[in-house]
Amino acid sequence: MAENTNELMDKLVALCKRRGFIFQSSEIYGGINGFWDYGPLGVELKRNVKAAWWEDVVRKRDDVVAVDCSIIMNPKVWEASGHVAGFTDPLIDCKKCKSRYRADKVFGVSARDGENVILSASVESDDEDIARQTAAASANSKTRRRLEKHGDKLQWQVFRADKAPEGAAAACPACGGELTEARKFNMMFKTFVGAMEDSTSVAYLRPETAQGIFANYKNVLDTSRIKLPFGIAQIGKAFRNEINPRNFTFRSREFEQMEIEFFCHPDEAEKWYKYWRKTRYNWYVEHGLTSSKLHLRDHEAAELSHYSTATADVEYEFPFGLAELEGIANRTNFDLTKHQEFSGRDMTYYDDETKERFIPYVIEPSGGVDRATLAFLCEAYCEDEAPDEKGVMQQRIVMKLHPRLAPIKVAVFPLVKKEGMPEIAQKIHKAVQASGLVSFYDEKGAVGRRYRRQDEAGTPFCVTVDGQTLEDQTVTVRDRDSLEQQRIGADKVVEFIKERIS
Ligand code: GAP
């Protein structure tokens, strides 16, 4: 593990670029803040993250179906969902240098209140939403928060009892200048549909995939004849004009979500909430995020959105701090009720057996594909030592990705480029490809260096064809993590790999 967290993040970002996991978008023009491209290894990794989620929450279940909705929807959707009025970040500007910040990033104050050290406090506001949002980013599982009334203004305070206060800033961090009041800034990207660019043609790039699911809830119900309880899943792009994109891909302006809206009877909502909360946490652990770095944080009552009765965040200890990977929320019947109201369409469910009609409750596990991918990359990054061809220990960088997620599953090498070894290695490589697994053939350079390249790519197995292969048709398989080598039949490679990655 790298010595300090910033250094680890710098090394990871450098590796992602060097090995083709993640590039800055439009880098040749100086890039664009908050947008990222996935390279040849990154796209395979990200596809594997999505495929693992899809297999586990859609294909292996009888109670979840999926949809793939358009990114631009009728703008009424976003009025009904509350995004037009309320999908905002609190924003402040420096009057002197014109820098722009999210209010929670500069309104840090430190004070002592009895035993409690107040780490930060939100901007004072008469709008509870603004006060709540400005405090949100500085809270985590180790802090507590409360709503304070100062005269007729509200303020959220984030505090913990055991830590000395950190520096405070209520002026522009760049120039010390005076700051404006916090204002609401809508984070939806606007566009125009059709030739006219006026208020009648305004549309939005979806800020979440969830609303496409709610808008199609009746279609799915009517066409698939599925019965409650059931879920509708979707993976797709979402767009948010984040004021402050940061921490590599963690907070981007264009990203992918993987969301399930799980519809159930109101009386069963609590049971299903608990089920999904646990299931989704376990999914990350099973894919390699050690549970010591993974936290399931229940929101305090005061933190909940007005329509939610319970929410939990799966949080991961990134090198830059503890941050949310996925939220699991009991959204009650809020969304369907709103869509019924705004569209005039009936969103009720009729239960044939109980003869009951009601608007279902919804449990929503909502994860970010890019955040999950980044967490898997952070967890995988490892520096250790491995012997070279002469048996001398050398430093190596290895990405210990879960085999199910690794971009390349197996690399196949001929030890030397002669004696028929390349032909045998090519045959194995083609057999692995034909089985549907990603294989990489490499015959260039010393075998130790070829291993090293695959370690950085996170390839769990390297198969080498050598002199002994010519005699007994066996090959060596090297394990990326243990460095152990074992001989297996050349015709058993596909079977061997499949067993270990599933
Ligand atoms: N439908 C509920 C919803 O969208 P959210 O907490 O705003 O909830 C869900 O987003 C997930 O989407 C987050 O847990 C995170 O993984 C991902 N996400 C949200 N904003 C993001 C951003 N700016 N960049 C990358 N991922 C983001």
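**Note on aromatic contacts in the structure**

1. In this predicted model, the charged end of arginine 500 is placed over the ring of phenylalanine 496, at 3.6 Å from the centre of that ring. A further contact of this kind involves arginine 371, which lies over the face of phenylalanine 250, 3.7 Å from the ring centre.

2. Contacts between aromatic rings were also searched for across the whole structure, and 19 aromatic pairs were found. One of them joins tryptophan 36 and phenylalanine 248: the ring centres are 4.9 Å apart and the planes stand at 85°, so the pair is classed as edge-to-face. The two residues are 212 residues apart, and their pair links distant parts of the chain. Tryptophan 36 belongs to strand 2 (residues 36–38), while phenylalanine 248 is in the loop between strand 13 (230–239) and strand 14 (254–264).

3. The accessibility of these two partners should be noted. Tryptophan 36 has a relative accessible area of 27% and is therefore partly exposed. Phenylalanine 248, at 10% relative accessibility, counts as buried.

4. Tyrosine 307 and phenylalanine 334 form a stacked pair, because their planes are at 15° with ring centres 4.4 Å apart. Tyrosine 307 is located in the loop between strand 15 (294–298) and strand 16 (310–318), and phenylalanine 334 in helix 10 (residues 334–343), so the pair ties together parts that are 27 residues apart in sequence. Phenylalanine 334 is buried, its relative accessible area being 15%.

5. Finally, one aromatic cluster is made up of Phe214, Tyr217, Phe230 and Phe263.

Conventions:
Residues numbered from 1 in each chain as written. Predicted model: local features only at pLDDT ≥ 70, side-chain atom pairs only at ≥ 80, totals over all residues. Heavy atoms only, no water. Phe/Tyr/Trp six-rings, centres within 6.5 Å; stacked < 30°, edge-to-face > 60°. Helix = DSSP H or I, 4+ residues; strand = E, 2+ residues; numbered from the N terminus. Buried < 20%, exposed > 50% of the residue type's maximum accessible area, 1.4 Å probe, protein only. Lys NZ or Arg CZ within 6 Å of the ring centre and 35° of its normal.
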